[in-house]
Amino acid sequence: MQRCRETMERKNTAEINQCKRKVRVCVATCNRADYSKLAPIMFGIKNNPEEFELEVVVLGSHLIDDYGNTFRMIEQDDFDIGSKLHTIVRGEDEAAMVESVGLALVKLPDVLQRLSPDILVIHGDRFDALALATAAALMNIRILHVEGGEVSGTIDDSIRHAITKLAHYHACCTRRAEQHLIAMCEDHSRILLAGCPSYDKLLSNNHRDDYMDIIRSWLGDKVQESDYIVALQHPVTTDIQNSIKIYGLMLDALISFNKKTLILFPNIDAGSKEMVRVMRKKGIEQHPNFKAVKHIPFDHFIQLVSHAGCMIGNSSCGVREAGAFGTPVINLGSRQTGRETGENVLHVRDADTQDKIYHSLELQFGKRYPCSKIYGDGNAVPRILKFLRTIDLNEPLQKTFCFPSVKECISQDIDHILETQSALAVDLGGTNLRVAIVGMRGKIVKKYTQPNPKTFEARMQLMLKMCADATRDAVSLNCRILGVGVSTGGRVNPQEGVVLHSTKLIQEWSSVDLRTPLSDALHLPVWVDNDGNCAALAEKKFGHGKGVENFVTVITGTGIGGGIIQNNELIHGTTFCAAELGHIIVSLDGPECSCGSRGCIEAYASGNALQREAKRLHDEDLLKVEGLNIKQAEPITAIHLINAARLGNNSADAVLNKASTALGMGIVNILHIVNPTLVILSGVLASYYHAPVQRIISERALQSAQNIKVLTSELEEPALLGAASMVLDYTTRRLL
């Protein structure tokens, strides 16, 4: 009995877990067109009963006799319809569309409350779908929107994008649509590039042996393959009168073209009633060359489009599904403007004459084009089902948006009007500690300088005091401090605001958390990066790099450093040592570098390296040259070396030539690795190195890189301006 009881408990537990794993998915369909896209998904859900429970809601034109009572095909596909909602207010004008949305919003809450779905699947861009999305969003039901992100050029665009903003998940058809969704601030992790679900069916069913039987059942026994036309034109709700005019011209052109034509009634949008009147006035329903129908089952429609001599009108089917068969298409008017199309589509945007439409029929009829799979590869449904399985029903329902970069925040509050938005910039150099108040456009409002203490405690204490003083002064200077940016030598983790390893110029400055003490003391956000990266950021915001997507900044000062901007972003690297440009090795047995290696650019071309060589020449009495006066107690610097070379000292010139070559070769290596648009030389030696570096690039770089420009920075305070830019651009940078 005990074993039996345990067995039953295990069985019950398994059944409970199985029930918990089921996701209740409600698919809502409004018309014949969206059902062709939703049906494959519905079959996929129905075929996985152990994972999903399917509920079907039918509304809109499905339930109207004039549009074929197309709900019957849903029943013929053996789906149980949970609810039928009569939501269409007849009139086929703008007011009727609005009233239909309102009627749907009145009826939907009871249905959604009764069905209580975990996820509601909605397709496309119809006004009925907008009502569904609005109701579900307000009732805290998760929404999966199919075929969002596309562009078509009518009010459908606005409705489609409105549904996108209400939906929580997105299954789009093309890469461009995916990019549009991302540009609309949707979370990339909730976007699935699935392809069009209807392609799953049409790509597998378009080669039926009985296709001629299907074609002749609609167009008569005498019709031949590729010798008939399929016509489907809908009203454009933002330009109703012009779309009615184009419809009449299309019918006249088709009558004159004298080919068998299958013409479908327009959809239920505003203007459709007038289009039907035009069709009947021209006697299309009685014309021997025409067969006018309200609805065709999708299986048959695939065969008719696939083997047609041409398709004409403004239906999305022409620019989407027809491309999969290579069927020639004539797209009339503006309804599909912006849609991605294959080469099978001939656009007649300004279809203002019968002759123009007739000529397009002559050009397209009977042609065959390569098959296009822009909108799908036949595997959309498996992807969507897999996507549904990954949805965590326990995650927060509230959507979050990924807003794009904004160049400058120009608010209109009283603070902005009365104060200058500013940053507190800190530059930790080997000699001095500097703090500055920097305005939005790079103006240094006030600067503070003190000798940099040698110990960690004294340095932190002085930095906090100088920042506090600057913050107090900012009030009287009418500056509103937005945050603090710190530029420091060494390797920095900008994500944590920690100095990992410092240069030898700054003692006791490794594994130092700068962000926390500054933020705690000043109650401001704090950003930290190394001086080379800050120089690159300064150029990006205020200097030669403004508006340039890819460039490199090289600092030529006491040491050699720099920063790399790639695709408008600063490159840090996995362990935050990217752009250590001074430590690119240009010689295997060169002089020793401060990093412990040999042959680095810094060991040849830095201010320290030039000073070392100047002292050597002076000690060997080789620095003398007419016109160069060096006092006995005067310290020897790199400037003496440069002046000696300019006055004709061959030894000094040889040292500088070797330094220039080392720097130039290092920059050539950079060009061959990241291929920037621009190289910016910054620092006290930049003006001297400019011409030699440009010459070496033209001589030694690959041909495609020889014309890359080298410019000398015009910024006087790149470290401070770069530190400030981290603050001023904090809303647009994704690094922190």
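**Exercise 1. The largest core**

Which residues of the largest nonpolar core touch the most other members?

Solution. This is a predicted model. Step 1: take the 61 residues of the largest nonpolar core. Step 2: pick out those that touch the most other members, namely M250, I263, I312, L332 and L361. Step 3: find the main contributor. Helix α10, residues 240–257, supplies the largest share of this core, ten residues. Step 4: look at one of the hubs. Setting aside residues up to four places away in sequence, I312 touches I229, V230, A231, L232, M250, L254, I330, L332, I357 and L361. Step 5: look elsewhere. Another core of 43 residues lies apart from the largest one, and its members include V554, A605, V674 and A701.

**Exercise 2. A binding site from the record**

Find where UniProt places the feature "binding site", and explain how the residues come together.

Solution. Step 1: read the record. The unreviewed UniProt entry gives H583, C593, C595 and C600. Step 2: compare sequence with space. The four span 18 residues in sequence, but no two of their C-alpha atoms are more than 8.8 Å apart, so they gather at one spot. Step 3: locate two of them. H583 sits in the loop between β24 (569–570) and α20 (601–605). C593 lies in the loop between β24 and α20. Step 4: judge their accessibility. H583 has 27% relative accessibility, so it counts as partly exposed. C593 has 5%, so it is buried; the cut-off for buried is under 20%. Step 5: list contacts, leaving out residues up to four places away in sequence. H583 touches C593, S594, C595, C600 and E602. C593 is in contact with H583, R598, C600, E602 and A603.

**Exercise 3. The listed active site**

Describe the surroundings of the residue that UniProt lists as "active site".

Solution. Step 1: the unreviewed entry names D531. Step 2: D531 is in helix α19, residues 531–542. Step 3: its relative accessible area is 33%, so D531 is partly exposed. Step 4: beyond residues up to four places away in sequence, D531 touches S487, T488, G489 and I555.

**Exercise 4. Helix α5 and its surroundings**

Check the length of helix α5, then find what its buried residues pack against.

Solution. Step 1: α5 covers residues 127–138, twelve residues. Step 2: from first C-alpha to last, α5 reaches 17 Å, close to the 16 Å expected at 1.5 Å a residue. Step 3: the buried residues of α5 are F127, D128, A129, A131, L132, A133, A135 and A136. Step 4: these pack against β1 (23–29), β2 (52–59), α4, β4 (119–123), β5 (142–146) and α6 (155–166). Step 5: after α5 comes N140, with a positive phi near 60°.

Step 6: turn to S100, in helix α4, residues 94–115. S100 has 3% relative accessibility, so it counts as buried. Among its contacts beyond four places in sequence are T87, I88, V89 and F127. A polar atom of the S100 side chain lies 2.9 Å from the backbone nitrogen of V89.

**Exercise 5. Confidence**

How many of the residues, in percent, score a pLDDT of at least 70, and where does pLDDT stay under 50?

Solution. Step 1: the average pLDDT is 88, and 93% of the residues score at least 70. Step 2: pLDDT stays under 50 over residues 13–19, where the model has one contact beyond four places in sequence. Step 3: residues 731–736 also fall below 50, and this stretch has 16 contacts beyond near neighbours in sequence.

Terms used: Residues numbered from 1 in each chain as written. Predicted model: local features only at pLDDT ≥ 70, side-chain atom pairs only at ≥ 80, totals over all residues. Heavy atoms only, no water. UniProt positions renumbered as here; feature names shortened; annotations may be inferred. Helix = DSSP H or I, 4+ residues; strand = E, 2+ residues; numbered from the N terminus. Buried < 20%, exposed > 50% of the residue type's maximum accessible area, 1.4 Å probe, protein only. Contact = heavy atoms within 4.5 Å. Polar contact = N/O pair within 3.5 Å; in protein donor to acceptor, adjacent residues only side chain to side chain. Core = buried A, V, L, I, M, F, W, Y, C linked by side-chain atoms within 4.5 Å. Expected span 1.5 Å × (residues − 1). pLDDT = per-residue confidence, 0-100.
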